[in-house]
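Let us take a friendly walk through this model, with an eye on charges, helix packing and surface.

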Amino acid sequence: MAHRRTWVLALAAVASLMTALDALVVSASLTTIQADLGATAEQLEWTVNGYNLVMAVLLMPAAALGDRYGRRRMFAAGIALFTVASAACAAAPDVVVLVLARALQGAGAAFVSALAMTLVSAAYPPERRGSAIGLLQGGSGIAVLAGPGLGGAITHAIGWEFVFWLNVPIGLAVLPLILLKCNESRGADTALDVRGLVLVVAAVLGLVWALARGNAVGWTSAEVLCAFAVGGAALVAFVAWERRAAEPMFPMRLLRCPGFVAGNVATIGLFASIFGGLFFYAQLLQTGLGLTPLQAGLGLVPWTSTLIVLGPLAGRLADRIGNRPLIVAGLLTIAAGIAWTVLVARPGMPYAELVVPFLVTSIGGSMSLAPTANAVLGAVAAGDIGKASGVNAMLRELGGVLGLAVFVAVFTGTGSYASPAAFVDGFGPAMGTCAAFVALSAAAVALRRRRPNTSVTTVAAEPAVP
């Protein structure tokens, strides 16, 4: 059994690393892709947005399909789709094919991201789950740490196509091992909630589309308002249906699990800070300090470096002392690190002044990432782990997209790219808003009261809210 668990963790970590890396390495290749394929700025934007949008939309459906048809089977299908789509990206003759292939990559990544956590959680007992999740999250830390620099190095040395070709041998090696080494598992439902699946796809598609496009086309534009209306109406219909569905893809009883709610609140704040940092810190180093793209990539290392070491340690500590103290302390540390960065940021400043606040922010993220996921999955019964993982994965994307949309809106209202000073004028309020957002998430988790005499089993056994 221990041998099987190790295989599950290792294969899930490699697959998660592959998909997380691909969301980041392409950012360093965009200029070269634009020149080679003659892409417009909007087409270039969709090589990134297409991946993220499709991934966000399919996270909950992927978890539901895994519960119904087998988590190992759907996980393997996600890797197969991701691998084929990567080859299509590398061989794309024009930008239209590249955007479509990137969307397929996002679909494969949704199955991998939603089900990797589920497979690991199902394989490990509750007392060891935090440690396992910490090791799994360490793979994402490697992706964030190495992504931009690796993408730039590959593009410079052999061409942007090999950013995508790199996934093919990894996928071909991992796929048969998953089928051989991982046990199959399923959720408790015997039927697929098709109506719920359609409604949640419409809800997430509308909301993510509006958030992703708001700053580009205007928050009061017909496109954004219609997307919000469609997404909001579908969300209301989804909740109404799930409250009375015989086998819902999102049982409302999960909202009575304090750990599930607190962990997801923390997830939104945490990933808003990650998306905001990825977007603004690299630009601060280049536009504000005048560093080259390569220097900026290396300059971000302190911001991500501690996750590889502290992530697994935080997961192990969460198994001993609980998740909440680490989540609250980690989120407050992130907020402090971001606030510190805002206070010292100025045009042409020495890079050395950013190293310590970057490290503080990294330590906070490392402290809270694994305990946040462990709180969500540890609060539900074994049969609901797949559903909980799908919701948490979806909220990671929604939290990041929502946060970034708000921070960019603040930036455009207070600064610009006209000069280093104009950029810093917008950077301060934008990332100050980010720090406040994360601090509010920490407060919400800290103030969330634990239900007396409530356990995973009893909450999961309660009837749905009428």
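A salt bridge is a side-chain nitrogen of Lys or Arg within 4 Å of a carboxyl oxygen of Asp or Glu. By this rule, the count comes to four salt bridges. Please keep in mind that this is a predicted model.

**Salt bridges**

Three of the bridges are set out here, each with its partners and the separation of nitrogen and oxygen.

| Basic residue | Acidic residue | N to O distance |
|---|---|---|
| Arg 71 | Asp 67 | 3.0 Å |
| Lys 387 | Asp 67 | 4.0 Å |
| Arg 346 | Glu 353 | 2.9 Å |

Let us begin with Asp 67, which forms a salt bridge with Arg 71 and meets the side chain of Lys 387 in a salt bridge as well. The pair of Lys 387 and Asp 67 links distant parts of the chain: Lys 387 belongs to helix H17, Asp 67 to helix H3 (residues 41-69), and their positions lie 320 residues apart in the numbering. Are these partners buried or exposed? Arg 71 and Asp 67 are both buried, and Lys 387 is buried along with Asp 67.

The pair of Glu 353 and Arg 346 has another setting. Glu 353 counts as partly exposed, since its relative accessibility is 32%. Arg 346 is also partly exposed, because its relative accessible area is 37%. Which residues are joined into one network by salt bridges that share partners? They are Asp 67, Arg 71 and Lys 387.

**Helix packing**

Two packed helices are described by the angle between their axes and the distance between the axes. Helix H17 (residues 385-414), already met as the home of Lys 387, packs against helix H9 (residues 194-217) at an angle of about 25 degrees, and their axes are 8 Å apart. That angle makes H9 roughly parallel to H17, because angles under 35 degrees count as roughly parallel. The crossing of H9 and H17 is left-handed.

How do things stand for a second pair, and what is the angle between H11 and H16? Helix H11 (residues 258-288) and helix H16 (residues 352-378) pack at about 150 degrees, with 9 Å between their axes. H11 and H16 are therefore roughly antiparallel to each other, as angles over 145 degrees count that way. For H11 and H16, too, the crossing is left-handed.

**Buried positions and contacts across the sequence**

Gly 78 is found in helix H4 (residues 71-90). With a relative accessible area of 1%, Gly 78 is buried, because buried means under 20% relative accessible area. The C-alpha atom of Gly 78 is separated by 9.6 Å from that of Leu 175, although the two residues are 97 residues apart along the chain.

Val 445 offers a similar story. Val 445 sits in helix H18 (residues 420-447) and is buried, with a relative accessible area of 1%. How far apart in space are Val 445 and Pro 258, C-alpha to C-alpha? Their distance is 9.4 Å, while in sequence Val 445 and Pro 258 are 187 residues apart.

**At the surface**

Leu 298 brings us to the outside. Leu 298 lies in helix H12 (residues 293-299) and is exposed, because its relative accessible area is 57% and exposed means over 50%. From C-alpha to C-alpha, Leu 298 and Ala 282 are 9.8 Å apart in space, and 16 residues apart in sequence.

Which residues form a nonpolar patch on the surface? Ile 158, Phe 162 and Trp 165 do, and together they have about 300 Å² of accessible area. Among them, Trp 165 lies in helix H7 (residues 161-165). Trp 165 is partly exposed, with a relative accessible area of 35%.

Note on methods: Residues numbered from 1 in each chain as written. Predicted model: local features only at pLDDT ≥ 70, side-chain atom pairs only at ≥ 80, totals over all residues. Heavy atoms only, no water. Patch = residues over 30% accessible without salt bridge, like charges linked within 9 Å, V, L, I, M, F, W, Y side chains within 5 Å. Areas by Shrake-Rupley, 256 points an atom, 1.4 Å probe, with all protein chains shown as cover. Helix = DSSP H or I, 4+ residues; strand = E, 2+ residues; numbered from the N terminus. Buried < 20%, exposed > 50% of the residue type's maximum accessible area, 1.4 Å probe, protein only. Axes fitted to C-alpha atoms, helices over the stretch in contact; angles between N-to-C directions. Parallel < 35°, antiparallel > 145°, perpendicular 65-115°, else oblique. Left-handed = near helix turned anticlockwise from the far one by under 90°.
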